[in-house]
Structure formats: C-alpha cells, structure tokens
Amino acid sequence: MNPEAVIFDLDGVITDTAHLHFHAWRQVASEIGIEIDEAFNNTLKGISRGESLRRILHFGGREADFSQAQRDELATRKNSIYVESLNQLTAQSILPGIHDLLLELKQRGIPTGLASVSLNAPTILNMLGITDLFTFCADAGKIARSKPDPEIFLAACHGLGVSAQQCIGIEDAQAGIDAINACGMRSIGIGADLQHAGLRLLSTDQLTWPCLSAFWQRAK
Ligand code: BG6
Ligand code: MG
C-alpha cells in the first residue's frame with residue numbers, strides 16, 4: 001500500500017529561502033535597534049510572519065514598544081524586502097531531488113499537497129515553475145495558528161480529501177515536525193538536529209520514492 005498523499009513544507013524543503021527571510025528580518029530588526037543572527041533566525045523556521053515579528057521584538061526586549069499598527073508596518077516592510085529578493089528564484093533554485101520526486105509521485109498517481117504558512121507560497125511555486133506538480137496547496141491566509149499547531153497540515157489533508165493518518169509529511173523545521181506528528185501523519189525531517197521525526201534525512205537528495213515507500217511500509 002502507498003500513502004494516500006505526500007504533503008510538503010515549502011521553505012527549506014522545496015527551496016531554500018531561509019537566508020532570504022533572514023536578510024529581510026535582519027534589516028528591519030536592525031532599523032529598530034535589534035540585532036539578530038542566523039542561529040536566532042533558525043528558531044523562526046516554520047513560524048508565521050506576525051509571530052516571527054513578535055519573537056524578534058521579544059528577543060530585543062521591545063515587545064511593549066510597538067502598537068499593532070506599527071507591527072503591521074514592520075511586517076509589511078519585511079515582506080517588501082523579502083519579495084524583492086525572490087526575484088532571484090528560478091527552476092535552478094529547487095532543492096536537489098525534489099523535482100524528480102514530485103514527478104514520480106505524479107506518475108504514480110499519489111496526490112501531493114503543500115502545507116506552508118508562507119503567504120508568498122503561490123508566488124514561489126510559480127517562480128520555480130512547479131505549481132502544476134501540486135494537487136492541492138493549503139491557503140496560509142486562512143490559517144489562524146502557526147506551526148507547531150497542525151492546522152495547515154490538516155487543511156492540506158482536507159483539501160486533498162485524505163486522512164492525516166494515511167499521509168507522509170515532509171519538513172525541515174522542528175515546529176513543522178511537531179505539527180505533522182500532532183495530526184497523526186508520518187513525519188520525515190530534513191536536518192540533523194530535528195527531534196521526533198519518523199525518519200530523519202540529512203538532505204533533500206535522499207528524498208526518493210524508494211526511500212519514502214520503504215519508510216511507509218515500515219511505519220504501517
Ligand atoms: C515559513 C518560513 O515557511 O513561512 C518562515 O519558514 C516564514 O520563516 C513563514 O516566516 C511566513 O512566510 P511569509 O512569506 O508569509 O512571510
Ligand atoms: Mg520549512
């Protein structure tokens with residue numbers, strides 16, 4: 001038996017945008033006197049834009065200094081810098097192994113879903129030229145709770161018409177692995193430091209159909 005669907009995170013699984021998020025947040029944070037480094041940025045993986053800003057303000061001890069309107073302005077400014085930097089994305093920016101895996105899943109008739117909390121996800125898939133390889137993309141704009149809440153993964157399952165327990169979810173962030181596990185999906189983590197992944201791989205080029213299939217047979 002095969003999984004009913006394979007559901008992917010975007011940033012860090014399909015393409016590596018973490019450094020672009022970092023560059024944009026670092027610029028905005030530094031304008032308000034908060035210096036963040038890459039280690040701190042790693043803790044923002046899988047975390048929504050608004051919640052990322054809240055964590056940056058908290059990190060800088062400035063949470064009480066900004067009204068909601070000012071926060072919205074900061075988040076909008078960060079997004080403008082980020083969106084500008086997305087211009088550099090092309091099909092070459094797809095992480096190793098991902099395109100082949102998406103094609104193979106399509107050929108095998110296994111539905112694919114996207115569960116990214118990024119409001120820029122549709123634009124990014126478009127720039128990578130792989131929108132057509134996804135059966136259903138959950139709408140981050142309709143999600144109330146960021147990962148590690150399972151809401152976005154459950155929305156992807158709902159859109160695909162599949163049950164979470166019959167799916168594989170793939171993530172590079174700890175918050176994402178926790179979200180996948182919380183809804184009863186089987187989790188695959190990309191990254192050496194991830195905890196509680198059903199299968200942990202070091203790089204996306206290890207994400208092949210034989211690897212997924214063997215994991216699924218073992219997990220069932
Ligand atoms: C996640 C990223 O995929 O999307 C986070 O890992 C980011 O770093 C979040 O904050 C929201 O993205 P966006 O594009 O809506 O600001
Ligand atoms: Mg990610």
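Reader: Into how many nonpolar, polar and charged residues does the lining of the largest pocket divide?

Author: In this predicted model, the largest pocket is lined by 28 residues, and these can be sorted by the character of their side chains. Sorted in that way, the lining divides into 10 nonpolar, 10 polar and eight charged residues.

Reader: Which helix gives the largest share of the lining of the largest pocket?

Author: Two helices, α1 (18-31) and α3 (49-59), each supply at least two residues of this lining. The largest share amounts to three residues, and the element that gives them is α1.

Reader: Where does the largest pocket lie with respect to the domains?

Author: The lining takes residues from domain 1, which covers 5-16 + 91-219, and also from domain 2, which covers 18-88. Because both domains contribute to the lining, the largest pocket lies between domain 1 and domain 2.

Reader: What is the volume of the second largest pocket?

Author: The largest pocket has a volume of about 500 Å³. For the second largest pocket, the computed volume is about 390 Å³.

Reader: Which residues of its lining are the closest to the centre of the second largest pocket?

Author: The lining of the second largest pocket divides into nine nonpolar, six polar and five charged residues, and because domain 1 and domain 2 both give residues to it, this pocket lies between them. Of the 20 residues that line the second largest pocket, the closest to its centre are Asn 42, Lys 45, Asp 172, Ala 173 and Leu 194.

Terms used:
Residues numbered from 1 in each chain as written. Chains lettered and ligands numbered in written order. Predicted model: local features only at pLDDT ≥ 70, side-chain atom pairs only at ≥ 80, totals over all residues. Heavy atoms only, no water. 1 Å grid on protein atoms, 1.4 Å probe; cavity = no way out; pocket = protein on both sides within 12 Å on 5 of 7 lines; lining within 4 Å. Points joined across faces, edges and corners; volume = space filled by probe spheres on them. Helix = DSSP H or I, 4+ residues; strand = E, 2+ residues; numbered from the N terminus. Nonpolar A, V, L, I, M, F, W, Y, C, P; charged D, E, K, R; others polar. Domains from an automatic or database assignment.
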